[in-house]
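Here's a friendly walk through one protein model. Have the sequence and the 3D view open as you read.

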Amino acid sequence: MLIGIVGLPNSSKTTVFNALTRGHVETEAFSSGQFAVHQAVVEVPDPRIDALAAIFKPKKVTYARVEYKDIGGLDKGMSAGGLSGEILGAVSQNDALLHVVRAFEDENVPHPYDSVDPARDVAILDAELVLSDLVIVERRLERLVDQLRKSAKGAERDRWQAEQALLERVKPALEDEVPIRDMGLAPDERKLLRGYQFLTAKPMLIVLNTGDVDVPDASALLAYPHAESAVTTIRGRLEMELAQLDAAERAEFMAEYGVTELGMDRVIRLSYQLLGLHSFLTAGDTEVRAWTIPVGATALEAAGAIHSDLARGFIRAEVTAYADLVACGSFAEAKKLGKLRLEGRDYVVQDGDVITVRFNV
Ligand SMILES: Nc1nc2c(ncn2[C@@H]2O[C@H](COP(=O)(O)OP(=O)(O)OP(=O)(O)O)[C@@H](O)[C@H]2O)c(=O)[nH]1
Ligand SMILES: [Mg+2]
């Protein structure tokens with residue numbers, strides 16, 4: 001899972017990136033406005049994995065992973081000719097975008113538009129993303145007209161015409177500043193567009209940095225009625241400082257500041273929801289591990305996520321719900337109490353299922 005962090009200059013992107021990744025990238029009160037990318041892989045905290053590790057005492061413990069990219073350099077007016085080059089590449093190669101928005105007052109930190117106004121800043125960046133997509137659609141439509149006039153025949157012609165018809169619908173909506181994720185496109189239409197990596201087709205998580213003020217209800221600050229989107233708040237600098245402490249110190253500080261859930265954990269949970277993902281688990285004395293799969297994936301697909309051999313030679317999946325396994329303390333006990341089920345290839349895997357695949361290749 002790849003998540004790109006975007007936002008206006010000096011909006012506190014790098015601060016939030018550090019909070020999410022326990023990073024130590026330098027933050028500055030004056031933005032250079034330059035293109036720059038910082039990247040880090042983070043283990044997704046999962047108390048279920050910790051509990052299973054305590055039972056199985058495996059040699060290795062593996063959490064699910066998320067990769068964050070802090071992308072500096074976006075600003076108003078950049079998409080006039082379409083985003084291009086490195087910055088377009090950095091923003092488009094993500095499964096979702098995380099838009100960091102300044103919602104804290106601090107006279108020592110200049111704002112590029114001179115006042116703190118989250119709704120305005122969100123609108124500015126959204127307009128840039130829409131415009132970037134629109135330029136790509138327009139260019140592609142011009143090329144399609146050419147291609148259709150010149151040579152296309154048969155199945156290829158049909159494909160290009162279908163693409164043209166779809167882009168002709170997408171274009172006026174983008175002109176009205178409607179993001180692609182709001183257009184209610186059918187799954188096969190979304191698939192047809194996937195290769196373009198359109199920015200407004202990506203799930204959008206808005207993170208409002210409220211500074212030292214705790215605002216649990218993000219909707220009090222921003223209404224964002226869009227599909228595949230969510231809004232949350234984070235106390236940016238505080239969370240960055242917390243992230244940089246070791247676990248014991250962190251627990252102490254969290255108690256002191258009344259922080260019950262780290263923004264990082266909330267952000268990861270929301271990202272999973274937006275992307276339609278969840279985890280199943282594997283447990284044994286060699287490894288306890290979390291695996292990320294789409295909600296609705298079957299036992300066969302889960303087996304394939306582990307290794308293609310397991311999918312190819314799939315016989316059955318032994319499935320125990322996480323809570324049952326922890327209550328029983330071992331697979332043997334779970335089996336005795338009828339909590340271990342044998343499921344076939346079409347079984348729809350549930351979040352937290354602990355699975356052992358029986359296979360034969
Ligand atoms: N008061 C206050 N200042 C903060 C907070 N979070 C970030 N800042 C400050 O805001 C300034 C900008 O933060 P950065 O994280 O560097 O912002 P950025 O978006 O990465 O900036 P560029 O990459 O240069 O565009 C720095 O001086 C931070 O210390 C916060 O929660 N409260
Ligand atoms: Mg930065």
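Which element supplies the largest share of the lining of the largest pocket? That would be α1, with three residues. Keep in mind throughout that this is a predicted model.

## The largest pocket

Let's start with the empty space. Rolling a probe the size of a water molecule over the atoms shows where empty space is left. Here, the largest pocket holds about 720 Å³ of space. It's lined by 34 residues, and the closest to its centre are Asn 10, Ser 12, Thr 15, Thr 27 and Glu 28.

Several elements pitch in: α1 (13–21), β2 (36–43), β4 (65–72) and α7 (236–243) each give at least two residues to the lining of the largest pocket. As for character, that lining has 16 polar residues, 10 nonpolar and eight charged.

## Arg 48 and its partner

Now head over to helix α2 (residues 47–56), where you'll find Arg 48. Is this residue buried or exposed? Arg 48 is buried, because its relative accessible area of 17% falls under the 20% cut-off. Leaving aside residues up to four places away in sequence, Arg 48 touches Ser 279, Leu 281, Tyr 322, Asp 351 and Gly 352.

One of those contacts deserves a second look: the side chains of Arg 48 and Asp 351 meet in a salt bridge, at 3.3 Å from N to O. Asp 351 sits in the loop between β11 (341–343) and β12 (353–359), while Arg 48 is in helix α2, so the pair ties together parts that are 303 residues apart in sequence. Unlike buried Arg 48, Asp 351 is partly exposed, at 44% relative accessible area.

## More salt bridges

Side chains of opposite charge can pair when their charged atoms come close. How many salt bridges does the model have? The count comes to 17.

Another one joins Arg 140 and Glu 163, with the closest N and O atoms 2.8 Å apart. Arg 140 belongs to helix α4 (residues 118–150) and Glu 163 to helix α5 (residues 154–175), so this pair links parts 23 residues apart in sequence. Arg 140 is buried at 13% relative accessibility, and Glu 163 is buried too, at 11%.

Then there's Glu 228 with Arg 190, whose closest N and O atoms are 3.3 Å apart. Glu 228 lies in the loop between β6 (204–209) and β7 (229–234) and Arg 190 in helix α6 (residues 187–193), so they connect parts 38 residues apart in sequence. Glu 228 is partly exposed at 32%, as is Arg 190 at 23%. Finally, back to a familiar residue: salt bridges with shared partners join Asp 46, Arg 48 and Asp 351 into one network.

Conventions
Residues numbered from 1 in each chain as written. Chains lettered and ligands numbered in written order. Predicted model: local features only at pLDDT ≥ 70, side-chain atom pairs only at ≥ 80, totals over all residues. Heavy atoms only, no water. Helix = DSSP H or I, 4+ residues; strand = E, 2+ residues; numbered from the N terminus. Buried < 20%, exposed > 50% of the residue type's maximum accessible area, 1.4 Å probe, protein only. Contact = heavy atoms within 4.5 Å. 1 Å grid on protein atoms, 1.4 Å probe; cavity = no way out; pocket = protein on both sides within 12 Å on 5 of 7 lines; lining within 4 Å. Points joined across faces, edges and corners; volume = space filled by probe spheres on them. Nonpolar A, V, L, I, M, F, W, Y, C, P; charged D, E, K, R; others polar. Salt bridge = Lys/Arg side-chain N within 4 Å of Asp/Glu carboxyl O.
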